[in-house]
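Here are a few friendly notes to read alongside the coordinates. I have kept them as short numbered points so you can check each one on screen.

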Amino acid sequence: MKKVVSLLMVLMLLVGCVSFAAAEEEIVLNVWSFTNELEGMIEKYYAPSHPNVKINYTIYPTDGGEYTSKVDNIMAAAAASDEAPDIFTLEAAFVKKYVNSPVTADLAKVGITEEDVAAAIPVMKQIGTNTATGELKGLSWQATPGALMYRASLAEKYLGVKTPEEFQAKVADWDLFMETAAEVNEKSEGATKMVVGAGDIWNAFNFGREQGWVVDGKLVIDPILYDYLDLAVELEQDDLSNKGNAWTEAWFLGMKSDTTLCFFLPTWGLHYTLKPNCGYTTNDKMNDAEMKAACEADGGTYGDWRMVAGPVGYSWGGTWIGANDAKVAAASDAKKAAIKDFILFFTMSEEFLYTYAKDSGDFVGSNAVVDKILAEGGTPNPFLGGQDHYTIFAEAANLANGSIMTDYDEKMNSLWSDHVTTPYSKGEVDLDTAIANFKAQVTAQFPELIVE
Amino acid sequence: MQKASADPAIAPKRKRKSISYDKYGYFFVAPFFIVFLVFQLYPIFFTFRTSLTDAAGWTKVLDNKIIGFDNFAKIFNFGSEISKFFWQSLGNTVIMWIFNFIPQIGMALILASWFTDSRMRLKFQGGFKVMIFMPNIITAATIGILFMSLFGYPIAPINTLMQQIGFSHSPFEFFRSTTAARGITSFIQWWMWYGNTMIIMIAGILGINTALFEAALVDGCSSRQTFWKITLPLIKPILLYNLVTSLVGGLTMFDIPHLMTQGNPNYTTNTVARFIYQQGFETPNNFNVASAASVVLFGIIVICSLILSAIMKDRDKVKSKGAKK
């Protein structure tokens, strides 16, 4: 008898669940991403104001290409199925691959208009746009413009520079930048170098190109890249850099000691790379006061950094939100509205972005909100000696040109670095051999491209 | 017993007496076979099939057509880039394997004969064996990253050490030198695997009848003679096993070069497995070419293994024939 009763109770519970769910008529959105960043934002900001939308959040890491494999797989096999994402996030490394392919929906299909996104920072919008058709397919809640960070005390000591404006004048273009590099090396007698290595300036320099890596199915080596090689040779062979690579010991040492004057870093690089590495005992779990104390104790660089726009406006990294075309096509009007609302909430809602920027210090992707924050006096940053990082990033964000980004960037950049920049700048091969090696690799790995 | 139970008259009685537990054996081995069929055998056949198709890109994985041997033609068309890089990768792999394998088997043999030598009676054998085997326990990924930072440039432990002891004045960029990069890769493979090979060798030597060693001792053989005339010929099957497993492992070498050198400098540490990975899983997803390369590699390994076992076995046969006479 007990068994029967308990079974009945379980059944009643189940029925109860089902009927409640049915009664609310909630909309379910499958969201796929590669970190829990968006999940945290959904829980904190989106869920409270959207009780009728149920988010199924799935995370696949980007390590080893797992995320893109999962997305590619489901889009190829069952794009419109219940398991497939309605909304998925796209990282800078592969955003172009998806917005240039039919798997992402034109955001106009869910009713997002030009006016809705008028305030979006142009470079992020450009990157989220299909290069061929011009359809807007991805939007971002943040912008990731880059700037040039430099050490105020070293600049004053070796260059006699007292303000960021004076420093900017010394690095306003690449020729001036190299002259300054020579000056620093000379005045410091080799103790301090301008940058850690040629790879450091790549992320900024490649934004000076007029054409991306691939135009109309053809490999394009923009002429400016040869200028980059000259620069890399000088940095390497004239002793103007520490001759190290990014993300190595030498690179991190440059952040905490006097070996390096400048770093090209974007918004996230300032907060998550430079700041936690400014001292020998600092880490990313410390707050500002703890970092300052740690640096005072053992000689770090906290508070000695300043920021300028540098020789070129650029953008490095970022995350975009896109929608699954197959699911959008099959969606009811209510669901389309929910997708539209979701995307606009995170990327354009001034109320949300303002709160989020204040809470996190992140540089948000809407000029309207950026202007509002600037009008309120910006965000004086004690790490930058009280300098406001929003002003510089805002300037850089509107300078950067996203139209040169292609689906191939990540791989091309690494092939170019492995087969051209590194061997050529170290004097291992001549230029023709380096370029030929690069082209051979491109031919082998991208059989669909025309390589001349 | 099976036959007896077939007799209808005595079958019922017998059945109760001798319950066959044989079938449970199948249940115990079933998990392995199910996993093997789904995750190994099926992918192997799928690779063979994919190598004959035009499956480039995820969208074509399920929807492709057989195009014959075109992908193999790309690998054997010696003028093309794909072919050039495939064979170059194979060459790199073989070089790095040889420089790992010869010291590995040599060191393992020496250590195994020391550990089993009844005249030497080494102390703390267990401790030594553990220490020698230790590198094998750590995952290759960890070791790859470890060596990458040890041999970094311009500031890293090895460079700092070399400058402090006065060995050199300026830092040396290990991963921009073909010899150094290949050497470090071979060294890691050797260092990780000689302990493992040694354990297998010891097991092989301990399998030899001790009466043989005792007889040799009585007859006045030196340690060297015992090793060359008794130990070595008798552990030949174990040597063959080591040679073949090491060949398979060596030709499919992936993790260390992938994490430590990424094929640099100038593609000289790029292995075949990395070539396959690049074709299949870096941006372009040329699964067809990757599969064809896998099949070619598979063929090369099979042929090499057959040649090795033929070389090692023939002599045994000659000997046993001689013995019969």
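**Notes on the model**

1. Let me begin with the overall form of chain B, bearing in mind that this is a predicted model. Chain B has a radius of gyration of 26 Å, whereas a compact globule of 325 residues would come in near 20 Å. Along the principal axes, its C-alpha atoms fill a box of roughly 85 × 70 × 40 Å.

2. The make-up of chain B is easy to state: 15 helices and 0 strands. Of its 325 residues, 28% are buried. If you take the contacts in chain B between residues at least 6 apart in sequence, 66% of them join residues at least 24 apart.

3. Next, the place where the two chains touch. Chain A and chain B each bring 25 residues to the contact. On the side of chain A, the elements giving two or more residues are H3 (66-77), H11 (249-256), H19 (409-425) and H20 (431-445). H20(A) gives the most, with 5 residues. By class, this side of chain A has 10 nonpolar, 8 polar and 7 charged residues.

4. Within chain A, have a look at how H10 (residues 224-237) packs on H19(A): the angle is about 40° and the axes are 8 Å apart. That angle makes H10(A) oblique to H19(A). The crossing is right-handed.

5. Which residues make the contact between H10(A) and H19(A)? From H10(A) they are A:Leu229, A:Ala232, A:Val233 and A:Glu236, and from H19(A) they are A:Val420, A:Thr421, A:Tyr424 and A:Ser425. Sorted by class, that contact has 5 nonpolar, 2 polar and 1 charged residues.

Technical notes:
Residues are numbered from 1 along each chain as its sequence is written. Chains are lettered from A and ligands numbered from 1 in the order in which they are written. This is a predicted model: local features need pLDDT of at least 70, side-chain atom pairs count only at pLDDT 80 or more; totals for chains, interfaces and linings use all residues. Two residues are in contact if their C-beta atoms, placed from the backbone, lie within 7 Å. Helices (H or I, at least four residues) and strands (E, at least two) are DSSP runs, numbered from the N terminus. Ala, Val, Leu, Ile, Met, Phe, Trp, Tyr, Cys and Pro count as nonpolar, Asp, Glu, Lys and Arg as charged, and the others, Gly among them, as polar. The radius of gyration is taken over C-alpha atoms; the globule rule is 2.2 Å times the number of residues to the power 0.38. A residue is buried if 20 or more other C-beta atoms lie within 10 Å of its own, exposed if 12 or fewer, and partly exposed in between; C-beta atoms are placed from the backbone. Axes are lines fitted to C-alpha atoms, for helices over the stretch in contact, and angles run from 0 to 180 degrees between N-to-C directions. Angles under 35 degrees count as roughly parallel, over 145 as roughly antiparallel, 65 to 115 as roughly perpendicular and the rest as oblique. A crossing is left-handed if the near helix is turned anticlockwise from the far one by less than a right angle, and right-handed if clockwise.
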